[in-house]
2 protein chains.
Amino acid sequence: MTASSQSYTMAGGNGQHSYIHNSSYQKAAIDGAEEKTTQCILEKLNLQLNSDLGTFRIADFGCSNGPNTFHAVQTIIDTVKCKQLKENNNEVSLMPLEFQVFFNDQTNNDFNTLFKTQPIECGYFSVGVPGSFHGRVFPRNIIHIGHTSYTTHWLSKVPENVCDKKSLAWNNNYIHCNHSLEEVTKAYKVQFVKDMRVFLEARAEEIVHGGLMIVLGQCLADGVTMSETWQGIVLDMIGDCLMDMAKSGVTSEEKIELLNLPVYFPQFSELKREIEQNKSFMIETMEAISHPLEDTEILTSNFIISMFRAILSTIIKEHFGEGVVTDLFDRFAKKLAKFPIDFIECEKHVNYFVLLKRK
Amino acid sequence: MTASSQSYTMAGGNGQHSYIHNSSYQKAAIDGAEEKTTQCILEKLNLQLNSDLGTFRIADFGCSNGPNTFHAVQTIIDTVKCKQLKENNNEVSLMPLEFQVFFNDQTNNDFNTLFKTQPIECGYFSVGVPGSFHGRVFPRNIIHIGHTSYTTHWLSKVPENVCDKKSLAWNNNYIHCNHSLEEVTKAYKVQFVKDMRVFLEARAEEIVHGGLMIVLGQCLADGVTMSETWQGIVLDMIGDCLMDMAKSGVTSEEKIELLNLPVYFPQFSELKREIEQNKSFMIETMEAISHPLEDTEILTSNFIISMFRAILSTIIKEHFGEGVVTDLFDRFAKKLAKFPIDFIECEKHVNYFVLLKRK
């Protein structure tokens with residue numbers, strides 16, 4: 001029942017290189033947005049509208065694996081409970097709301113690990129929902145609060161022409177949209193616009209009238225290009241390492257030309273435009289928020305290597321085969337040691353917090 | 001949010017010994033009940049009562065892995081659609097029901113495989129629900145049709161005393177309740193009664209008023225004991241093989257004494273009594289149905305070996321370690337060859353179909 005989509009998931013399992021153990025950058029972002037999330041729910045949620053038959057439904061779209069998703073939904077639940085208590089003048093309801101939490105991600109996400117690592121006695125009924133959020137994953141009108149964090153820069157597919165040597169939009173041997181080739185940027189943008197529209201249209205169908213949708217993520221400041229940010233520099237460096245590997249015969253240039261990450265970071269105003277074009281939601285809040293780690297010394301080379309390995313290993317494995325991952329990240333580590341990036345001084349992605357209310 | 005429970009799942013994955021490829025006995029039972037299921041839904045389901053806001057929710061409790069669970073829910077959905085069409089005088093509704101199907105099983109069930117093997121374009125929104133059905137797994141009042149097949153003979157735990165050498169209910173070196181020791185039977189019965197009550201109470205909370213609960217399973221005919229049925233004989237034989245392995249030093253008698261299967265097949269009237277004691281459901285139908293395979297020559301030794309391997313390998317692995325499974329079933333094959341069971345002539349389990357309606 002879900003739209004087909006090229007599906008890349010974060011590294012599964014519970015081991016050293018898993019997303020579970022290498023997602024503290026993303027966690028920091030969620031922590032950074034926690035106060036904002038709490039405040040928005042307290043202010044904007046209409047409990048009367050939303051709680052049919054005593055069940056309150058929360059969905060995390062593109063949840064990957066814990067602990068971030070568990071943390072995010074717990075914040076939402078605690079806040080809804082707090083709001084309910086306030087509205088009841090601090091009297092505990094005889095029939096308190098029951099919470100059902102839907103953890104959504106691609107069908108090949110590691111749901112087994114998600115279920116095994118979820119907090120015991122979490123106070124909600126837990127459910128896993130396989131399927132791409134670039135399409136419907138729920139029946140109409142059932143979700144009260146939707147949440148997604150650091151997911152909407154993932155496209156449903158790589159823009160077709162960027163891997164086509166004969167196309168004007170050919171991305172050469174870059175592995176992502178670094179904004180250095182105009183036609184490539186255009187192709188990525190077209191795909192992003194399409195995906196963002198589908199994402200919002202699907203959520204508009206699934207979320208109850210008056211329900212909320214929280215979107216956290218990263219974009220670029222207006223006027224900033226990917227190659228000026230440390231994330232862009234890192235991805236270009238990983239691309240360079242792949243080219244080194246082609247030269248040593250571990251892989252080939254042709255194979256690298258066929259790898260393009262289905263990832264696009266829009267500029268802030270571009271993102272805003274796309275959200276505004278959807279007429280089913282009111283934008284209650286859309287603002288840049290600070291990322292607690294961006295200005296600290298935690299952003300070391302080792303931290304970045306582990307983080308990008310957890311994010312990219314599934315794609316790299318699928319494209320080049322299992323053996324390449326460790327080699328690639330070893331080379332990346334060496335390159336970083338030789339050409340260190342000043343993470344603090346680089347251009348930064350903008351972390352944004354968006355609260356939408358279903359009309 | 002779920003009750004703790006000793007959790008044993010069917011063999012996961014998609015390989016030679018997986019439940020997926022060794023569950024045709026269970027499938028035949030579901031097929032055998034298909035007509036009954038269809039007829040009952042057509043007659044007893046009140047669509048007006050059940051479809052709030054356009055979503056129709058179906059849950060399969062203890063779904064394990066496909067294809068049986070997919071087949072069972074598809075039958076239910078097709079029938080509900082057919083009923084809706086009839087009630088609309090064959091006019092297709094402008095806002096047709098949307099179906100959400102909840103696949104429930106223990107947290108350590110292989111949900112990854114379940115999701116990857118589910119039919120594409122199945123026509124419903126699919127959801128995995130981890131947790132023991134010996135307790136609540138859903139919020140109140142949300143399921144329209146519940147279904148469970150061949151699950152309720154699994155107890156939430158092994159009755160404590162049956163592994164205790166000092167207890168009157170000590171089960172010696174039998175590995176299941178074969179009815180040869182009265183105190184053991186009593187201990188198993190107590191656990192069964194407790195578990196069945198909890199199962200029905202939980203379902204009564206989760207199913208909407210007027211909703212249906214379909215229970216398929218096996219029990220014993222009144223007056224028949226486990227050791228008279230081929231299933232009972234098979235389990236005793238597997239127990240004997242374990243004892244042989246103890247003699248060869250592969251395992252020990254002490255270890256076998258600590259293994260008791262958390263499985264109890266009640267007699268028909270015993271089951272009926274337990275269902276009747278729950279006052280939240282009306283019993284619409286409770287009857288014995290034929291099992292399409294029981295009288296055919298498909299029940300060969302090889303078939304039985306594969307079937308019991310898929311059912312028991314998780315428990316055996318957990319108790320004795322990974323290496324024991326193949327050895328055990330090789331020995332079992334040899335024993336069966338030496339002492340063949342006449343599956344057709346043995347006492348048979350009763351296959352029952354129960355339809356409950358939530359008051």
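A salt bridge is a side-chain nitrogen of Lys or Arg within 4 Å of a carboxyl oxygen of Asp or Glu. The exercises below use this term on a predicted model.

**Exercise 1. A salt bridge inside a helix**

Find what joins the side chains of A:Lys186 and A:Glu183, and state how far apart the two residues are in helix α5 of chain A.

Solution.
1. The side chains of A:Lys186 and A:Glu183 form a salt bridge, with N and O 3.4 Å apart.
2. A:Lys186 and A:Glu183 are three residues apart in helix α5 of chain A, so about one helical turn separates them.
3. A:Lys186 has 45% relative accessibility and therefore counts as partly exposed. A:Glu183 is also partly exposed, at 31%.

**Exercise 2. A salt bridge between distant parts of a chain**

Determine which parts of chain B are tied together by the pair B:Glu205 and B:Arg136.

Solution.
1. A salt bridge of 3.5 Å, N to O, links the side chains of B:Glu205 and B:Arg136.
2. B:Glu205 belongs to helix α5 (residues 182-206) of chain B, while B:Arg136 sits in the loop between β3 (125-130) and β4 (143-149), so the pair ties together parts 69 residues apart in sequence.
3. Buried means under 20% relative accessible area. B:Arg136 is at 16% and so counts as buried, whereas B:Glu205, at 37%, is partly exposed.

**Exercise 3. The contact between the chains**

Describe the contact between chain A and chain B by its residues, its buried area and its salt bridges.

Solution.
1. Chain A gives 36 residues to the contact, and chain B gives 36 residues.
2. The two chains bury about 3,100 Å² between them, with 57% of this area on carbon and sulfur atoms.
3. Four salt bridges are counted between chain A and chain B. One of them joins A:Glu98 to B:Arg140, whose closest N and O atoms are 3.2 Å apart.
4. On the side of chain A that touches chain B, β3(A) gives the most, with six residues.

**Exercise 4. A buried glutamine**

Is B:Gln100 buried or exposed, and which residues is B:Gln100 in contact with beyond its neighbours within four places in sequence?

Solution.
1. B:Gln100 is part of strand β2 (residues 98-105) of chain B.
2. Its relative accessibility is 0%, so B:Gln100 counts as buried.
3. Beyond those sequence neighbours, the contacts of B:Gln100 include A:Phe102, A:Phe138, A:Pro139 and A:Ile142 from chain A, and B:Phe56, B:Ile58 and B:Val127 from chain B.
4. B:Gln100 and B:Tyr124 are 24 residues apart in sequence, and their C-alpha atoms are 5.6 Å apart in space.

**Exercise 5. Two sides of a helix**

Where do the buried residues of α10(B) lie around the axis, and which residues are exposed on the other side?

Solution.
1. Helix α10 of chain B covers residues 324-338, 15 residues in total, and reaches 21 Å from its first C-alpha to its last.
2. The buried residues of α10(B) are B:Val324, B:Val325, B:Leu328, B:Phe329, B:Phe332, B:Lys335 and B:Leu336.
3. These residues cover an arc of only 115° around the axis, which means that they are on the same side of α10(B).
4. The other side of α10(B) has B:Lys334, B:Ala337 and B:Lys338 as exposed residues.
5. α6 (230-247) and α9 (301-320) of chain B are among the parts that cover the buried residues of α10(B).

Terms used
Residues numbered from 1 in each chain as written. Chains lettered and ligands numbered in written order. Predicted model: local features only at pLDDT ≥ 70, side-chain atom pairs only at ≥ 80, totals over all residues. Heavy atoms only, no water. Helix = DSSP H or I, 4+ residues; strand = E, 2+ residues; numbered from the N terminus. Expected span 1.5 Å × (residues − 1). Buried < 20%, exposed > 50% of the residue type's maximum accessible area, 1.4 Å probe, protein only. Arc of directions from axis to C-beta. Contact = heavy atoms within 4.5 Å. Buried area = accessible area lost by both parts, 1.4 Å probe.
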